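Colleague: Hi! Could you walk me through this model and its ligand?

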Amino acid sequence: MPLKFIREDITTLKVDAIVNAANTSLLGGGGVDGCIHRAAGPELLAECRTLGGCATGGAKITKGYRLPSKYVIHTVGPVWHGGEHGERELLESCYRTSLDLAAERGCASVAFSLISAGVYGYPKEQALQVAVDTIRAFLETRPMEVYLVLFDREAWALGQEHYPELI
Ligand code: AR6
């Protein structure tokens, strides 16, 4: 199946690329970003320092260092401000840009965290819908094995409820 939900710590996944929910500095933070930097080791931060940050909706790629994945794609989701500040378009752009980068590097398998759905406050149900719609649209243009990690209880329950076929 080209898109599948899983519920595992993204830092344990042996895929070509994992996608980090970063901030514009790309210099680490809490949430999944903190987990990824801790697991990858200080070399990841050193490479991130050379990238000059990243715009919201954009993505940049680094090596995975001590992670089982070959690459980390760092994308910056929008902060939720009520939904009328371009949040959906920016979130779509995160998924599309990350998938384009993965394709450029020849990745056959990619695992996403649920971008913006934690600290950045995007309502999880809507964040999930944007993720699924955008990944499915991409997969119509190019084959890839894509995992969406629904880590917290609420996200996993929403996935089971709305997309049982993806479990
Ligand atoms: N594996 C997979 N998913 C995880 C993990 C993990 N180990 N840990 C948390 N999640 P968040 P955001 C899920 O807050 O909302 C950082 O400080 C979590 O349950 O990590 O985009 C950055 O530096 C949630 O569903 O990202 C930014 O400043 C999802 O990951 C800011 O947070 C995203 O939650 C970005 O906020």
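Modeller: Sure, we'll start with the ligand and then turn to the aromatic rings. This is a predicted model, where local features need pLDDT of at least 70 and side-chain atom pairs count only at pLDDT 80 or more, while totals for chains, interfaces and linings use all residues. Residues are numbered from 1 along each chain as its sequence is written, and side-chain values use heavy atoms, with hydrogens and water left out.

Colleague: How many residues surround the ligand?

Modeller: The ligand has 21 residues around it, counting a residue if one of its heavy atoms lies within 4 Å. The closest are Asn23, Gly30, Asp33, Val119 and Asp152.

Colleague: What classes are in that shell?

Modeller: The shell has 11 nonpolar, 7 polar and 3 charged residues. Asp, Glu, Lys and Arg count as charged, and Gly is among the polar ones.

Colleague: Which helix gives the most to the shell?

Modeller: That's H1, with 4 residues. Helix H1 spans 31-40, and strand S2 (17-22) also supplies at least two. Helices (H or I, at least four residues) and strands (E, at least two) are DSSP runs, numbered from the N terminus.

Colleague: Which ligand atom lies 2.7 Å from a backbone N or O atom of Gly30?

Modeller: An oxygen atom of the ligand. A backbone N or O atom of Gly118 lies 2.8 Å from a ligand oxygen atom, and a polar side-chain atom of Asp9 is 3.0 Å from a ligand nitrogen atom.

Colleague: New topic: how many aromatic pairs does the structure hold?

Modeller: It holds 3, where ring centres must lie within 6.5 Å. One of them, Phe5 with Tyr163, is edge-to-face (planes over 60 degrees apart), at 5.9 Å centre to centre and 85° between the planes.

Colleague: Which parts does that pair tie together?

Modeller: Phe5 lies in strand S1 (residues 3-6) and Tyr163 in the segment after helix H5 (153-162), so the pair ties together parts 158 residues apart in sequence.

Definitions and conventions
Polar contact = N/O pair within 3.5 Å; in protein donor to acceptor, adjacent residues only side chain to side chain. Phe/Tyr/Trp six-rings, centres within 6.5 Å; stacked < 30°, edge-to-face > 60°.
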